[in-house]
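Thanks for coming, everyone. I have one structure to walk through today. Let me put it on the screen.

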Amino acid sequence: MFSFTSVTFPPISTLTPYIVSAVIFLIFLEQLRYLIKKRHVPGPPLVLPFLGNAISLVRNPTKFWEEQSSFSKKLGFSTNYIIGRFILFIRDTELSHLIFANVRPDAFMLIGHPFGKKLFGDHNMIYMFGQSHKDLRRRIAPNFTPRALSTYSDIQQRIILKHFKNWESLASRGDNNSLSFRLLVRDMNLETSQTVMVGPYLNREAQESFRVDYNLFNVGLMKLPVDLPGFAFRNARLAVDRLVETLGGCTKRSKSRMGRDNEEPICLVDFWMQETIKEIAAAEAAGEATPSHTSDAEIGGYLFDFLFAAQDASTSSLLWAVTLLDSHPDVLAKVRAEVSAVWSPESGKLINVEQIRELKYTQAVAREVIRYRAPATLVPHIAVRDFPLTESYTIPKGTIVFPSVYESSFQGFTEPDRFDPDRFSDERQEDQLFKRNFLAFGAGPHQCVGQRYALNHLVLFISMFVMIFDFKRDQTDGCDDIVYNPTICPKDGCTVFLSRRCSELQNLDLE
C-alpha cells in the first residue's frame, strides 16, 4: 500500500511580493551593468528593462540614429542598449578605422546585422577571417575583371531599358502620372542582380519565388528578432534558407555548363565556376582533397551574400540619384551634355566600356551620390575581447559596435553638407585627399569586392535615365527626409512625374 501526502502550495498572493522583488532586483542589475559599461560615455542615462531601446529603433530608426549621432558629438562615440546587448555608436572617422582595421577573431567580428548570424546563417562571408577569408576573396577575383564587368554591363542596360518601358507605361495611365520609385527600382535591381549573378539558371517560376522570398527577408531585417512561427524574423530566416538552396542549384548547373568545352561565361557564377572547375580538377589530379569554398551549397551561400550586398544598397543609390539630380538642375544639365556627346538612345546601341570611361563627370556624380547618401549607413561589429578605443575608454567584450560610414562622409570634405560632384574632379581630387572619410564601401579586409560593379550600375542608370526621360519630383513636406528600408531612401519613396524625352521608347530595341 502506498500513501500520498498532498502538498499544499502557498497562495499566489503570498508569492507576489517575492516575485516583484526578484524582478526589481533583475532590473536593478541590468541598469547597473549598463551604467558600468557606459561609464562617462554619452548615451541614455537609463534604458527600458530587458528591451532597452529596441522599440524606438524599430519604430523610427532614423530618429534613433540621429539621437546617437547627437550624443556622440563630444567624444566621437556614444552608447545605448538593445535587447540585452550593450551597443556603441562611432561617429569619428579615425575611431571607425580602428574597428575596421582590427576585424580579426581576437578583436572584432563583422556581423552585418545585430542578429545577423541567426538570420543569415553561418555561411555568410562576413563571418570569415584569416587565411580562409583571403582564399575565398582570391577565388572571387575573376568575377570582377574588366571582361566580366563588360559582360555585366550589357545585362544591366537591357534590364534597365526593359523596366524603363514599364515605368513609362505606368506613368501614362490616368491624369496623375506620378510614380513612387522605391519598389519599382527595387524590382529592377532584383532582376538585374539575379540575371547578372545566375543568368539563365533561374526560370520564370523560380524568379517569382525568389522575389517573394527576398521581400520576406527585407521585411524581417527591420523587425524584432522573434524567431517564432508567424513572426517576420522567422519568415526572413526561412526565406534565406530557400534562397541559398536555390542559388546552390544555380551553381550546380553552372558547373555542368562551364565544364563543357568552348562555353563562354554569360553571368557572374559562370566566371566563378570557370576557375573553380580548374582548381577542383587540379586537386583531383594531384590526389588532394576538394578545395574549400567550392561546394554548391557554399557558393550558393556566398551568392546570397553578393545579392544582399548589391541589392538594397544599389536601390538606395539609384533613388537618391534621381532625387539629387532633380534638386540640382545644373548638375543634371552637365550630365546630359556629357552623355549626349558619347551616346544617344537613338543610336540603337548599348553604352560600351570605352564610353563609360569617358563619362568622367557622370562618374563623379555617382561617387558624390554615394558619399552624400551612403546607402548602408552603419557596419555593425561585435567586440570579441575588451578593446581600448581611446586612452580613457575600453570597449567591453560582447559590445555591438556601429561605425557610421554615413557620419564619416560628412567629415573632412570641403563643405561636406553640399552636394558637389566636382569634389571628385581631377582638379580637386577630394576622393584622394579625404580617402579615409569615404567609407561607403567599407575598409580593411572586408572592404566591398564589388564596388566597381556598383559604381558602373549607378553610372549606367543615370546615363540612360536622364537621356530617355524628363522627370520632376512630386515635392511634398519632408519628402526627402531619410528613412530606413533597410538602407536609406527618401521618405516618400522618391515619387516622380515622368515623361519620355527620346524617340518612341516602345520601339527602342538596343543591341
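**Cysteines first**

The structure holds 0 disulfides. Take Cys267, which is in no disulfide. Its nearest cysteine sulfur belongs to Cys250 and sits 8.5 Å away. A disulfide needs the two sulfurs within 2.5 Å. Cys448 is in no disulfide either. For Cys448, the nearest cysteine sulfur is that of Cys267, 19 Å away. Buried or exposed, then, for Cys267? Cys267 counts as buried, because its relative accessibility is 0%. Cys448 is partly exposed, with a relative accessible area of 29%.

A reminder before I go on: this is a predicted model. Please keep that in mind throughout.

**Cavities**

How many cavities of 30 Å³ or more does the structure hold? There are 2. I will talk about the second largest cavity, with a volume of about 80 Å³.

Which residues line that second largest cavity? Arg182, Arg186 and Asn218 do. So do Asp312, Thr315, Ser316 and Leu319. Asn485, Thr487, Ile488 and Cys489 complete the lining.

Now sort them by element. Helix H8, residues 181-198, supplies at least two lining residues. The same goes for helix H12, 296-327, and for strand E11, 488-490. H12 gives the largest share, 4 residues. By class, the lining has 3 nonpolar, 5 polar and 3 charged residues.

**Helix H8**

Let us stay with H8. It has 18 residues, and at 1.5 Å a residue these should span 26 Å. The end C-alpha atoms of H8 are 25 Å apart, which agrees. How is H8 placed in the structure? Of its 18 residues, 14 are buried, so H8 is largely enclosed by the rest of the structure. Just after H8 comes Gly199, with a positive phi near 40 degrees.

**Helix H15 and its neighbours**

Next, H15, residues 360-372. Run the length check again. Its 13 residues, at 1.5 Å each, should span 18 Å. The end C-alpha atoms of H15 are 18 Å apart, so the two values agree.

H15 is also largely enclosed by the rest of the structure, because 11 of its 13 residues are buried. Among the buried ones are Tyr361, Gln363, Glu368, Arg371 and Tyr372. Val365, Val369 and Ile370 are buried too.

What covers the buried residues of H15? The cover includes H12, helix H13 (329-342) and helix H14 (353-358). It also includes helix H16 (405-408) and helix H18 (451-468).

Ser317 gives a view from the H12 side. Ser317 lies in helix H12. It counts as buried, because its relative accessibility is 5%. Beyond its sequence neighbours up to four places away, Ser317 touches Val369, Ile370, Pro375 and Leu458. Val369 and Ile370 are two of the buried residues of H15.

**Two more buried residues**

His133 lies in helix H6, residues 130-140. It is buried, with a relative accessible area of 4%. Leaving out residues up to four places away in sequence, His133 touches Met125, Met128, Pro445 and His446. Phe217 is 84 residues from His133 in sequence, and their C-alpha atoms are 25 Å apart.

Pro42 is a loop residue. It lies between helix H1 (12-38) and helix H2 (54-59). Pro42 counts as buried, because its relative accessibility of 18% falls under the 20% cut-off. Outside four places in sequence, Pro42 touches Phe71, Leu75, Phe77, Ser78 and Thr79. Glu67 is 25 residues from Pro42 along the chain, and their C-alpha atoms are separated by 11 Å.

**Positive phi**

Last topic. Most residues other than glycine have a negative phi. Two loop residues are worth checking on that score.

Asn262 has a positive phi, near 65 degrees. It is in the loop between helix H10 (232-258) and helix H11 (268-285). Asn262 is exposed, with a relative accessible area of 77%.

Glu415 has a positive phi as well, near 45 degrees. Its place is in the loop between H16 and helix H17 (430-433). At 51% relative accessibility, Glu415 is over the 50% cut-off, so it counts as exposed.

That is my tour. Questions, please.

Key. Residues numbered from 1 in each chain as written. Predicted model: local features only at pLDDT ≥ 70, side-chain atom pairs only at ≥ 80, totals over all residues. Heavy atoms only, no water. 1 Å grid on protein atoms, 1.4 Å probe; cavity = no way out; pocket = protein on both sides within 12 Å on 5 of 7 lines; lining within 4 Å. Points joined across faces, edges and corners; volume = space filled by probe spheres on them. Nonpolar A, V, L, I, M, F, W, Y, C, P; charged D, E, K, R; others polar. Expected span 1.5 Å × (residues − 1). Buried < 20%, exposed > 50% of the residue type's maximum accessible area, 1.4 Å probe, protein only. Contact = heavy atoms within 4.5 Å.
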